[in-house]
Amino acid sequence: MHRDPHLHTNAALMARRRAALPAGMGQAHEIFVQRAENAEVWDVEGRRYIDFAGGIAVLNTGHRHPAVVAAVQAQLERFTHTCFQVLAYEPYVELCERLNALAPGEFAKKSFLLTSGAEAVENAVKIARAYTRRSAVIAFGGAFHGRTLLGMALTGKVVPYKQGFGPMPAEIFHGKFPCPLHGVSVEDAVASVEALFKYDVEPSRVAAIILEPVQGEGGFYVAPPAFVRALRDICDRHGIVLIADEVQTGAGRTGTFLACEQWGDVVPDLITMAKSLGGGMPLSAVIGRAEIMDAPGPGGLGGTYAGNPLACAAALAVLDAFEREQLLERSRAVGERLVAGLRAIAARHPTIGEVRGLGAMVAVELFEGGDVQRPAAALTQQIVKAAAQAGLILLSCGTHANVIRILVPLTASDAVLDEGLTILGGLFDRLAQA
Ligand code: PLP
């Protein structure tokens, strides 16, 4: 194909994209990528960007980590697909063994692999249903669990995820997620679950409660220890399976390999992972108590591409990189550096109502005049857009679309982190009213 440079500008490619793709496929930035390296990306026009989005939490080990590239290349030379359910391969089994060892809990664990985060969530619910022989599932307002039918139903946000896509699958209920900033205490949130048992569904019909240790799309709200303790107690009292959806928090983002390691003596029964587990290759996993994981009968779980060999090779290289490069320590250091930098910006901009996070999963929430009743969604969008023009890729999130979240590779240098923070600070100085 000829490559006329005028036909390969961001604008020309966006025009082709608009004509060829449906409107429902959103796009945060009108940028087409040419190449990427660690925490930097170059577009088709040769412009460089610092990547604080990491492909939405997929690149904890950075773009094209050399060990991941080498592992995938080596696997490419051997075979790329057999379908694990037809002809098995060792990297799949080794990865499950390592995930079983990494997940918290002093009990026998089993794991299996899939392709997307939503698929992991779907399968965790299937397993919980098979084990408990119950049907209902409780999730939380503001949660995001994917775009498949069940993932969408579990997701606690109507626009854009549910609007027009009903009816939702039956027996999905939502409690309140604690968020003291917006007036929801842990007690309120626990009471909202108890209220479901009173008004909507008897606990003996509930198969699972699913929560994110830190709500991702919902706004980077951290589940308080007292909340997970209360949920664990409810689950134990009623024989309900507790699922931690670690699709966004997992693989070292929060300073521990899994965020639920920071739950003290509270241990989930099932854990979903995806995103950074595959280091840029599509891969997800369900990890859990062996007796629960063994509930579905042979053939009930799986998928043609599930646990693709290239993705398994990449994930093993990701786990090795975490050990070799001490990326969990790095995650905590990146988090501290980001929080310090963002607090310095917040000190001169009251529009930043909160700087929060867990490890390197860090966000700022914006309010007009610092008034929590007035989420600053327009300013948030303005800053995200202007940042891209200034060479920094950011993402927004939050129920009120007023949160800027940072999911920069943990392998980013301090210099690149500081460069990104300087750009962000300059944008607040230019766009936010003091
Ligand atoms: N669960 C959580 C917590 C997520 O953050 C996401 C994606 O952002 C998903 C599930 C869905 O993952 P995927 O987009 O890979 O299906």
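Okay, let's start with helices α7 and α8. In this predicted model, α7 covers residues 186-199 and α8 covers residues 225-238, and the two pack at an angle of about 20° with their axes 9 Å apart. Under 35 degrees counts as roughly parallel, so that's what we call α7 relative to α8. The crossing of α7 past α8 is right-handed.

Who's actually touching whom? From α7 you have V186, A189, V190, V193, E194 and F197, and across from them in α8 sit A226, F227, A230, L231, I234, R237 and H238. Sort those contact residues by type and you get ten nonpolar, one polar and two charged.

Now the seven-stranded sheet. Reading across, the strand order is β4-β10-β9-β8-β7-β5-β6, and the sheet is open with mixed pairing. Which strands are at the edges? Those are β4, residues 109-114, and β6, residues 172-175, and each of them pairs on one side only. On average, neighbouring strands in this sheet are turned by 20° against each other, if you ignore direction.

Let me zoom in on one pair there. Strand β5, residues 136-140, runs parallel to β7, residues 206-211, and three bridges join them. If you want a residue to click on, take I138, whose bridge partner in β7 is I209.

Okay, stepping back to the domains. The domain assignment gives two of them: domain 1 is 5-64 plus 326-431, and domain 2 is 69-324. So how far apart are the centres of domain 1 and domain 2? Taken over C-alpha atoms, 25 Å. As for the contact between them, 35 residues of domain 1 touch 35 residues of domain 2.

Next helix pair: α11, residues 327-348, and α13, residues 414-431. Their axes come within 10 Å and cross at roughly 20°. That again makes the pair roughly parallel, α11 to α13, and α11 passes α13 in a right-handed crossing.

The contact list goes like this. On the α11 side there's R330, V334, R337, L338, G341, L342, I345 and R348, and on the α13 side there's D414, L417, D418, L421, L424, G425, F428 and D429. By class, the contact of α11 with α13 comes out as eight nonpolar, two polar and six charged.

Keep α13 on screen, please, and look at what it lies across. That helix sits across β3 and β13, running at about 100° to β3. Those strands belong to an open sheet of four, in the order β1-β2-β3-β13, with mixed pairing. The edges are β1, 33-37, and β13, 392-393; each has a single partner strand, so one side of each has no neighbour in the sheet.

Let's walk through that sheet. Strand β3, residues 48-51, runs parallel to β13, with two bridges joining them, and I50 stands opposite L392 in β13. Over at the other edge, β1 and β2, residues 40-43, run antiparallel and are joined by four bridges. One pair to look at is E37, whose bridge partner in β2 is E40. And what happens to phi at N38 in the hairpin of β1 and β2? There are two residues between the strands, and N38 takes a positive phi near 50°.

There's another hairpin to put beside that. Strands β11, residues 352-358, and β12, residues 361-366, pair in the antiparallel sense over six bridges, with I352 standing opposite L366 in β12. This hairpin has two residues between its strands, and here G359 takes a positive phi near 55°.

Last stop, helices α4 and α10. α4 is residues 90-102, α10 is residues 309-324, and their axes come within 9 Å and cross at roughly 40°. That angle is why we call α4 and α10 oblique to each other. The crossing of α4 past α10 is left-handed. On the α4 side the contact uses P91, Y92, E94, L95, R98 and L102, and on the α10 side C312, A315, L316, L319, D320 and E323. For this one the split is eight nonpolar, no polar and four charged.

Okay, that's my tour.

Terms used. Residues are numbered from 1 along each chain as its sequence is written. This is a predicted model: local features need pLDDT of at least 70, side-chain atom pairs count only at pLDDT 80 or more; totals for chains, interfaces and linings use all residues. Side-chain values use heavy atoms; hydrogens and water are left out. Axes are lines fitted to C-alpha atoms, for helices over the stretch in contact, and angles run from 0 to 180 degrees between N-to-C directions. Angles under 35 degrees count as roughly parallel, over 145 as roughly antiparallel, 65 to 115 as roughly perpendicular and the rest as oblique. A crossing is left-handed if the near helix is turned anticlockwise from the far one by less than a right angle, and right-handed if clockwise. Contact means heavy atoms within 4.5 Å. Ala, Val, Leu, Ile, Met, Phe, Trp, Tyr, Cys and Pro count as nonpolar, Asp, Glu, Lys and Arg as charged, and the others, Gly among them, as polar. Two strands pair if DSSP finds at least two bridges between them. Domain bounds come from an automatic or database domain assignment.
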